[in-house]
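Welcome! Grab a pencil and keep the viewer open while you work through a few exercises.

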Amino acid sequence: MSGEQGDVHELLRLLGDSDATLSVAESLTGGLLAAAVTEVPGASAAFVGGVVAYATRVKSEVLGVPAEVVATDGVVSASCAEAMAVGVRALLGSTWALSTTGVAGPGIQEGRAAGTVFVGIAGPDGVTAVRLALSGNRWEIQEETCRRAVDLLRDRLGDTRVGE
């Protein structure tokens, strides 16, 4: 995500302006989102940390994704993205949390095509997930997921007061 620091800078500024913090729970991005955030000097003022929950059992055991979500909706779902965001926010005590789950490709997972991605956002005003339909190779899907996750939270914080 190099070269996209401007959006991350803006996100970190918005968080810092309200003494808010951020944590991440990543599956398909495998730590790329945390790396993009920590690439920015001074990120430690707002970034708490993250969990790379690539395996389903880590999503359940560490982040608290309910077994019924995994069984019913699967890990490539809005409900899983929401549970991951809620779980990492609680685990790390952050104001806001982002999560990424989906299929980077090249194959199909849980009947979903490569590029099917869900970004979860949890914060003081609740939790939501956004479905993305991305294209490209594995790396491009991972990078675009990170860009979109940053944009989604940055836009949400721009629309509301961060700490409220």
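Below are six exercises, each with a worked solution.

This is a predicted model, in which local features need pLDDT of at least 70 and side-chain atom pairs count only at pLDDT 80 or more, while totals for chains, interfaces and linings use all residues. Residues are numbered from 1 along each chain as its sequence is written, and side-chain values use heavy atoms, leaving out hydrogens and water.

**Exercise 1. Find threonine 29 and work out whether it is buried or exposed.**

Step 1: Look for threonine 29 in the loop between β1 (22–26) and α2 (32–38). Helices (H or I, at least four residues) and strands (E, at least two) are DSSP runs, numbered from the N terminus.

Step 2: Apply the cut-offs: buried means under 20% relative accessible area, exposed over 50%, and partly exposed in between, with a 1.4 Å probe and protein chains only. Threonine 29 is buried, because its relative accessibility is 3%.

Step 3: Check its partners. Its side chain makes a polar contact of 2.6 Å with the side chain of glutamate 26. A polar contact is a pair of N or O atoms within 3.5 Å; within protein, one must be able to donate a hydrogen and the other to accept it, and residues adjacent in sequence count only if both atoms are side-chain atoms.

Step 4: Leaving aside residues up to four places away in sequence, threonine 29 touches Thr100, Gln142, Thr145 and Cys146. Contact means heavy atoms within 4.5 Å.

**Exercise 2. Explain why cysteine 80 has no bond to the closest cysteine sulfur.**

Step 1: Recall the cut-off: a disulfide is a pair of cysteine sulfur atoms within 2.5 Å.

Step 2: The sulfur closest to that of cysteine 80 belongs to cysteine 146, and it is 17 Å away, so the two are too far apart for a bond.

Step 3: Searching the whole structure gives zero disulfides. Cysteine 80 is buried, with a relative accessible area of 0%, and cysteine 146 also counts as buried, at 0%.

**Exercise 3. Which residues does a cis peptide bond join?**

Step 1: Start with the usual pattern: most residues other than glycine have a negative phi, and most peptide bonds are trans.

Step 2: Here, glycine 105 and proline 106 are joined by a cis peptide bond, with omega about 15°.

Step 3: Place proline 106 in the loop between β3 (96–102) and β4 (116–123). Across the fold, its C-alpha atom is 7.2 Å from that of asparagine 137, although the two are 31 residues apart along the chain.

Step 4: Now visit asparagine 137, in the loop between β5 (126–133) and α6 (138–159). A polar atom of its side chain lies 2.8 Å from the backbone nitrogen of glutamate 140.

**Exercise 4. Describe the phi angles of aspartate 19 and glutamate 110.**

Step 1: Aspartate 19 has a positive phi, near 50°, without being a glycine. Its place is the loop between α1 (5–17) and β1, and it is exposed, with a relative accessible area of 73%.

Step 2: Glutamate 110 is not a glycine either, and its phi is positive at about 50°. It sits in the loop between β3 and β4 and is partly exposed, at 43%.

**Exercise 5. How many residues line the largest pocket?**

Step 1: Know what to look for: on a 1 Å grid over the protein atoms alone, a pocket is an open set of points where a 1.4 Å probe fits, with protein on both sides within 12 Å along at least five of seven lines, and lining residues have an atom within 4 Å of a point.

Step 2: The lining has 16 residues, with Ser27, Leu28, Tyr54, Gly102 and Gln109 nearest the centre. The elements giving two or more residues to this lining are α3 (56–61) and β3.

**Exercise 6. Which side chain does serine 27 meet in a polar contact?**

Step 1: Go to the loop between β1 and α2, where serine 27 is found. Serine 27 is buried, at 7% relative accessibility.

Step 2: The side chains of serine 27 and lysine 59 share a polar contact of 2.9 Å.

Step 3: Apart from residues up to four places away in sequence, serine 27 touches several residues, including Ala53, Tyr54 and Met84.
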